[in-house]
Amino acid sequence: MLDFFTIFSKGGLVLWCFQGVSDSCTGPVNALIRSVLLQERGGNNSFTHEALTLKYKLDNQFELVFVVGFQKILSLTYVDKLIDDVHRLFRDKYRTEIQQQSALSLLNGTFDFQNDFLRLLREAEESSKIRAPTTMKKFEDSEKAKKPVRSMIETRGEKPKEKAKSSKKKGAKKEGSDGPVATSKAAPAEKSSLPVGPENGELSKEELIRRKREEFIQKHGRGMDKSSKSMKSDVPKEKGKKAPRVWELGGCANKEVLDYSTPTTNGTPEAAVSEDINLIRGTGPGGQLQDLDCSSSDDEGAAPNSAKPSATKSTLGGMFGMLKGLVGSKSLSREDMESVLDKMRDHLIAKNVAADIAVQLCESVANKLEGKVMGTFSTVTSTVKQALQESLVQILQPQRRVDMLRDIMDAQRRQRPYVVTFCGVNGVGKSTNLAKISFWLLENGFSVLIAACDTFRAGAVEQLRTHTRRLSALHPPEKHGGRTMVQLFEKGYGKDAAGIAMEAIAFARNQGFDVVLVDTAGRMQDNAPLMTALAKLITVNTPDLVLFVGEALVGNEAVDQLVKFNRALADHSMAQTPRLIDGIVLTKFDTIDDKVGAAISMTYITSKPIVFVGTGQTYCDLRSLNAKAVVAALMKA
Amino acid sequence: MATVNSRRVGDGGGAGGTFQPYLDSLRQELQQRDPTLLSVVLAVAVVLLTLVFWKFIWSRKRSQRAVLLVGLCDSGKTLLFVRLLTGHYRDTQTSITDSSAVYRVNNNRGNSLTLIDLPGHESLRLQFLERFKCSARAFVFVVDSASFQREVKDVAEFLYQVLIDSMGLKNTPSFLIACNKQDIAMAKSAKLIQQQLEKELNTLRVTRSAAPSTLDSSSTVPAHLGKKGKEFEFSQLPLKVEFLECSAKGGRGDAGSADIQNLEKWLAKIA
């Protein structure tokens, strides 16, 4: 039922492969590696790729990966156990080959695992099949057959399960005739210890219930018992005539009962109180109760004693564990990493990384480190910190090329403008950073057309007009051979943004501008009509670059913003592969000292690179991301 | 004896006051002709020095014997690695970590090199390059000749990075650009790849130096490749860059041998 099962080393060599179908398994496995392992989403161990579900397991000690793939529509329950079994068997069988540092042993070794694997697969499949319906027990096997027949004889008018109090009398009468029956009916009022047990020496369920009931009644004092007994004894006497019913709680108009003037310290209540106290203190009247208390007190006595030696043992163990952890090679287990990972997670959250992303990151790091053998003189903390640092740098590395100038040159050659769209929520700095980027482009000799598609905010067009005037003063046409380097394209307020963008791009193509920067209005990610409008702008105009502008001050909001923006763009796009956010501009970076977690959150969610970083409010404050510096600031205590 | 000592004490009283007691004990030992403490100290010092020297020499010998296989994802580095070491064909997946092995060069001196195969995935390649570049004796940049036309910008960007890094090393390593996957019909020749890369690197060095500076404002001006003002050519670089064609898969697919004789000869040359 499996499509394939592969075992390969982390260095890329396939050690063994089982293929149930004829398709090669490289494609899905590569997709798994690229989307999960390399993007630090290794928290849970399953991944869906087209029609297949892939489950994987990492062996960090020997740097192996075990991957199994099966059809998504099947839900196989034995797969997890199968992977664990295969892992264990493979590791034990080929321990010498996989233990070497050099790759030569892996290359030269032959891994003839087919038979073992088929055997394990067969075992796993069989164990998961539905168990055969249990056959009914034969009569000889049941408990009833073991009891003597006499114990089960029931005579009319007497049920073995009657309450002890009422049956006591009847039992006393009939004691001679039914020996075994009477033994099971002892009266609690007699203060005798309960019989050892019925003759056959077996406690049936009913007797157990009865015994418990008796204990319960014993514990709750005799008073109630006596009254109920007397009541019950009254009832049969008066069975002849229909007596008026006496409700227990109905109250009675009896004058003596209602007279509370008598002193409370009379015989009965006090005795009851003293009994209660005795019961509370735990030295009960009946032997039965005593037994229970003894055993419980024994337990209490034993428990603190066992706690003390374990406490001393744990301190000793802790000391040795620390020393052992410092020297020598021990492999990491989850418990070891637990506390360190918790601390790292809190540290990341304190540095403004979104909470669930910090959780996922720590999960992924734990997955990568589990079972790894630490070198000498490296503590758990240092290993975990090192691994976390590597994963953070890995996340911040761009997955695709980030070179806007190169792409603009390409577009120049093809005689069409390079269109960049800025989108984001309100007040993150879209217009300011647009001005910074146009300044940078002008410095590099490209002509820029700014399209004012923010037709909503008061003063948006005027703001861009001011920027254009200033940039134009810095780069006048005379310096560039009579060519206007920067121009604003605007159509006032209240118009449709997508239409303005389309006209702007056509204008740029006619006039030979190199770059078109489209400024859109800020919008909240929950505002459906505005998101639809943005998606329409992007779908209709197909810009070369869609930049999401996000501020570095944002915390958990970043996740929500990016997810909803991407979803809106994907939903409203007609194309096969919808245009999503291509890059991120991180603004207001100078306002955070080292709480740089927003960078991690944003790149983790979208897997798109951070193209620009805005570090101030003047034209020169534009930087590109340096992954190492950001991670260093993040990991700093 | 005692008077001499006391006079000496008086003389050296000013300078080295703190070490006086030690110096005294040292002198006493020397005079007693029973220098146990001194000999022990000397012996320990000699042993330490020997260890330090040995480690230094040994690490120097080992440090520069590594040949790094770098390149984009899916360019065939791991298969090339396998072919060089064993000559057989193995299935490969995307590498997540590096693999290293000792490779015996087939020349008459029988030298050995450490072949290190680095992952090519975008998120890993720079990290691993950082880690291993100090011990690199030579770089082998593997290019997928069949899909080169599509990926020329990515190839050029990574090549630019590797060139900048290798020029920054104190001993200039040898550089080889291996145009792999020549068994596919659409593969470009080494000459064409060289021309395309030169053109691309020409543009790239302009755009990379014009990019906004990095965050920590460590205003290190990125090194300029080649000569300014002239079209970029590989011959302008301080390190020697060669091109050759090879095919890790070989003409006859899995069963046949790989077409890597040129590569083996080059490795024998630089060993």
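This talk walks through the contact between chains A and B, then some aromatic pairs, then two backbone outliers in phi.

One caveat up front: this is a predicted model. Keep that in mind for every number I quote.

Let's start with the interface. How many residues of chain B are in contact with chain A? The count is 43, and they meet 50 residues of chain A. The area buried between the two chains is about 4000 Å². Carbon and sulfur atoms give 58% of that area. On the chain B side, three residues lose the most area to chain A: B:Arg90, B:Gln93 and B:Leu215. Together they make up 20% of what that side buries.

Now the polar part. Between chain B and chain A there are five salt bridges. One of them joins A:Arg406 to B:Glu200. The closest N and O atoms there are 2.4 Å apart. There are also 16 residue pairs in polar contact across the two chains, counting pairs with both residues at pLDDT 80 or more.

Which elements of chain B supply the touching side? Five of them give at least two residues each. They are α4 (77–86), β2 (99–104), α5 (122–132), α6 (148–167) and α7 (190–210). The largest share comes from α5(B), with seven residues. By class, the side of chain B that touches chain A has 14 nonpolar, 16 polar and 13 charged residues.

Stay with α5(B) for a moment. Its buried residues are B:Ser123, B:Leu124, B:Arg125, B:Gln127, B:Phe128, B:Leu129 and B:Phe132. What do they pack against? In chain A, the partner is α15 (380–396). In chain B, the partners are β1 (66–71), β3 (112–117), β4 (136–144) and α6. So the buried residues of this helix have packing partners in both chains.

Next, the aromatics. A search of the whole structure gives 13 aromatic pairs over all chains. Take A:Phe66 and A:Phe90. Their ring centres are 6.0 Å apart and their planes sit at 85 degrees, so this pair is edge-to-face. A:Phe66 lies in strand β5 (residues 64–71) of chain A, and A:Phe90 lies in helix α2 (residues 79–93) of chain A. The pair therefore ties together parts that are 24 residues apart in sequence. Both A:Phe66 and A:Phe90 are buried.

A:Phe90 has another aromatic partner, A:Tyr94. Here the centres are 5.0 Å apart, with 55 degrees between the planes. That pair is tilted. A:Tyr94 is buried, as is A:Phe90.

There is also an aromatic cluster in chain A. Its members are A:Phe5, A:Trp16, A:Phe18 and A:Phe117.

Last topic: backbone angles in chain B. B:Asp74 has phi near 70 degrees, a positive value in a residue other than glycine. Where is B:Asp74 found? In the loop between β1 and α4 of chain B. Its relative accessible area is 47%, so B:Asp74 is partly exposed.

B:Lys181 is the other case on my list. Phi is near 65 degrees, again positive, and again the residue is not glycine. B:Lys181 sits in the loop between β5 (174–180) and α7 of chain B. Is B:Lys181 buried or partly exposed? Buried means under 20% relative accessible area. B:Lys181 is at 23% relative accessibility, so B:Lys181 counts as partly exposed.

Key
Residues numbered from 1 in each chain as written. Chains lettered and ligands numbered in written order. Predicted model: local features only at pLDDT ≥ 70, side-chain atom pairs only at ≥ 80, totals over all residues. Heavy atoms only, no water. Contact = heavy atoms within 4.5 Å. Buried area = accessible area lost by both parts, 1.4 Å probe. Salt bridge = Lys/Arg side-chain N within 4 Å of Asp/Glu carboxyl O. Polar contact = N/O pair within 3.5 Å; in protein donor to acceptor, adjacent residues only side chain to side chain. Helix = DSSP H or I, 4+ residues; strand = E, 2+ residues; numbered from the N terminus. Nonpolar A, V, L, I, M, F, W, Y, C, P; charged D, E, K, R; others polar. Buried < 20%, exposed > 50% of the residue type's maximum accessible area, 1.4 Å probe, protein only. Phe/Tyr/Trp six-rings, centres within 6.5 Å; stacked < 30°, edge-to-face > 60°.
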